[in-house]
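Here is a short briefing on charged side chains, on how they pair and on how far they are covered. Please keep the sequence and the structure in view while reading.

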Amino acid sequence: MFGELNSKFGFKGDGVVVGDIDTGYNSLSPSFAATDASGYTIKNPLGTGKYIGDCHVQGISLAGCNDKVIGVYDEINAQYYGKAPASVEDTQGHGSHTASTIVGNPRTAGFPGFNANISGIAPHANLIVYYACAPAPVNCPESATAGAVEQAIEDGVDVLNYSISGGGRPWNDPVSQAFLDAADAGIFIAAAAGNTGTSVPQPLPGTVNHLEPWVATVAATTLTGGVAPLLLSLTGPGAPPAATQNIPAVEGTYDTPLSAALPGTTKIALSPTYDIGDLGSSSAPSHGADGCSSYPTDTFKNAIALISRGTCGFAVKVPNAIAAGAIAVIIADNRAEGGFSPTVGPPTVTVPVYSISQSAGNALGTYLAANKSAGTASLGFSTTRLASQADSLAGFSLIGPAVGVETIKPDIAAPGVSVLAAVANDGSKNGPNLVAFYDGTSMATPHITGVGALLAGLHPDWTPQEIKSAIMMTAQQAGVTKANGVTAAGNFDVGSGRVRAFEASTAGLVLGERVDHFWDAYPDFGGDPSALNIASLQNSNCAVTCEFVRTLRSTSKGTTTWNVAVTGELANVVSVTPSTFTVAAGKTVDLTIDVNSTALNPNSGFHFANIVLGAQFDSPVSAGQPDLHIPLAVSVPGPAFNTAGNVVNIALNGKSNGSAKLAVSNPGAGTVIFKPVSAANQPFAWIDQANEHYYGFFSTHYTDLGPADTDFFVADDFTVSGKDPVNLTSIVTPGFTINHTLASFGASLALHWRIYADNKGLPSSDPDKGGAAVWSYDSTAGGAGVKIAGDTISLDLTAAKQSTALPAGNYWLVVYPDLPCKDTKNTGSCSEGWAWDNSWKGSGALWAAIAPQTKDNAWDNQSNNRSPYGLGLAMTLTSSAPCSATLPSWLSLAPANGVLGSASSGSITFSANFAGAGASSGPPQTSFVCIGSSVQDALGFEIPRSVTPVQVNAK
């Protein structure tokens, strides 16, 4: 954010303590000096010269702590490696950028040809640095990030910045739970909504990070100005076209910046394999492979190299160009998108590296190709920023809805494109002063953290949730667009809108929420996040009607009167009670928001509205108070037939008859018809635990263990029931690998499956001990019925001609490959391994593990606090269920068929009777009943929807 140097007006965060969990900071930067450029000295709330954390450690940073930076922590060494603190000096730039955006001192900053006044949002606030993200391959380990949050609670920070991804399972993720502890301690938290990247190449619906209702999740929007780029212009041969002039070039990271402009006589050479066509297209002769192997000697001798983006990393392409003589490298994009900063290290390369757009690359490439692939060009500095349309969603900013959590995410948007702030010290003479333009929701998040710091200082009586609600309800909506710059942005793009700091400080109403209510909202245990008292309203299962209640507290010094209106597409189906209210200073009012969704089409996606609260300007108390708004999103599910389970056990207790009920429901809008149907060989899931793509635990047998190495195994339990032994038909176990994928080991890769009996809540044996298994199978990746997709291991037992024949009971499944350890240094850390994915679902006991730290290498499911990482392992085990519409003589259903209306529930009673005529034999008995469901279309025809197999046991 750009501020006025030496401005003496307004509150600037004095006395507020900010915590930043990131890559450390550039301690010598003037952004973090105790005295700013105007001569103002930041006041230390601990007392002048008093610091906390690792400030006493010699060499912890180049400058050490001061009255602005009052604490530092090396969480990487302390939490991840278990070593003494070493350094919090930033080597990556990210932490310096985020911290200076929050609290950076007002200063002049820039680079050759360009200077600007910059300032943090709360420049007089104090900073505590939590170094929790090291350079790859360590990155941001959970032990360090969660440890940093807990330390921040101890330190008593007021606000916390987390420009790091995560938060997809708020009630299970240790960092998310640490945030909840922090919120309980009175700390406001802002976290990044996440960016596109290798794993999420497009901002598709539902990709947003940080679903915690107690955290402000931040999307990124554009500013009025873009970067101040290097400008590349072709100067020859001849008269190059206009499209080759003044092309903005975005500098990479880990390059050597240009120290002086390159004159127009500088040679530029086109790569001999240059190709910026879309990857995989028939018109792309090299298919993105440009620079992935060595160039011929002197291809770019004493020239700027023009190469193309593609299938290998910049850290491969750029060194190959340098080896061929390049004095600078320009990388043309192979897709139409915004500018990107190519990361070419570590280590740092010896020449400047830049990226240009696909269209610019096409113009340059076409002209140079027509002139024997050579020409001349200039590369110079811009004195101004590029023009940019403000308030457009950044093309990289991930969007909602929040999957599995009934709250609108992201919550808020802030500038996150071309943000100028401090970066890491590169060791040069100018290293302390370095700044750069960065893009990302990481850059947007500290804007909100800074605003939170200002509000915490201005309104010390406001709770973190009240601060969050004020920021959300006062946000700018009008004129905020999607990334195309035209279409109005929606609630799942920017949440409540783009932040307005001053308006947030004057919010006349706020919403607070208690931590125990956040805990109670855990959806996996029947909680309802939509009922939380937060400044957004979402219900993805609003069939027929749904209702929200929100309690707002007046922040005004006197009595105020408010009018309520509803805007947006749902204006005619949403009602708010009361529609007008008067509230005294500091008192609360309850609003009830009712949605009548009967007019909305089922399965038509989300529909939106805004609840708008306007103060009546009938007294000086109300004057100047901004309108407030609360976004609302509902969707109407289509009709569906759900059962409470797929096994019904009728306990006869020695009698000849008995019954049991199965709860059934239709959560959607529309009528469901159900009845028994015939369905041969219907898949029946004994366990179906979702893959969370979040954690995984090694389950690998190694073929070349050294003295310090060991195998790793994990297991999870499941139950089968019924009179007859169960033959499983499929076993699917998702996972991931380190270093090499399972597929890369080829068809000969050995794979193993073991099913063990239960022994007091643990497996009865393990693969290394070789004890008896109830069923075992050894095959290879190329074996019959075996499939490796990604790193998911699947076994079709029918194709493999396997019979498990499991009697009713509890069992444990173990799956593992044979892999080479490749621990050449005997460090106890193999370089290969397959990890079995976790699941937040589980049946019976917690998953169990054998790892080096377990006693006597025995199975264990209690140590290491396993439950926060999931109750079970991801797996699906199925068998085949034969069903007939004609029930066996001993079994009857009531109702035998039925109807479930919109958003309704009921039950089916399964009755067994072995006393009457026709019962061929007595108990125990097992039968499968397939319940078919259908819906009626507008003409009255029944359209089949689903078949649900249910096992019925009578004993």
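The side chains of aspartate 411 and lysine 409 meet in a salt bridge, with 2.6 Å from N to O, where a salt bridge is a side-chain nitrogen of Lys or Arg within 4 Å of a carboxyl oxygen of Asp or Glu. This is a predicted model, in which local features need pLDDT of at least 70 and side-chain atom pairs count only at pLDDT 80 or more, while totals for chains, interfaces and linings use all residues. Residues are numbered from 1 along each chain as its sequence is written, and side-chain values use heavy atoms, with hydrogens and water left out.

**The network around aspartate 411**

- Aspartate 411 is buried, at a relative accessible area of 1%, and lysine 409 is buried as well, at 0%; buried means under 20% relative accessible area, exposed over 50%, and partly exposed in between, with a 1.4 Å probe and protein chains only.
- Aspartate 411 also forms a salt bridge with lysine 468, at 3.7 Å from N to O.
- This pair links distant parts of the chain, 57 residues apart, since lysine 468 is in helix H8 (residues 464-473) and aspartate 411 is in the loop between strand E16 (374-381) and strand E17 (412-415); helices (H or I, at least four residues) and strands (E, at least two) are DSSP runs, numbered from the N terminus.
- Through shared partners, salt bridges join Lys409, Asp411 and Lys468 into one network.

**A polar neighbour of lysine 409**

- The side chain of lysine 409 also has a polar contact of 2.9 Å with that of threonine 217, a polar contact being a pair of N or O atoms within 3.5 Å; within protein, one must be able to donate a hydrogen and the other to accept it, and residues adjacent in sequence count only if both atoms are side-chain atoms.
- Threonine 217 belongs to strand E9 (residues 216-221) and is buried, with a relative accessible area of 0%.

**Another salt bridge**

- The whole structure holds twelve salt bridges, and one of them pairs glutamate 832 with lysine 822, the closest N and O atoms being 3.4 Å apart.
- Both residues lie in the loop between strand E43 (809-819) and strand E44 (833-839), so the pair ties together parts that are ten residues apart in sequence.
- Glutamate 832 is buried, at 1% relative accessibility, whereas lysine 822 is partly exposed, at 40%.
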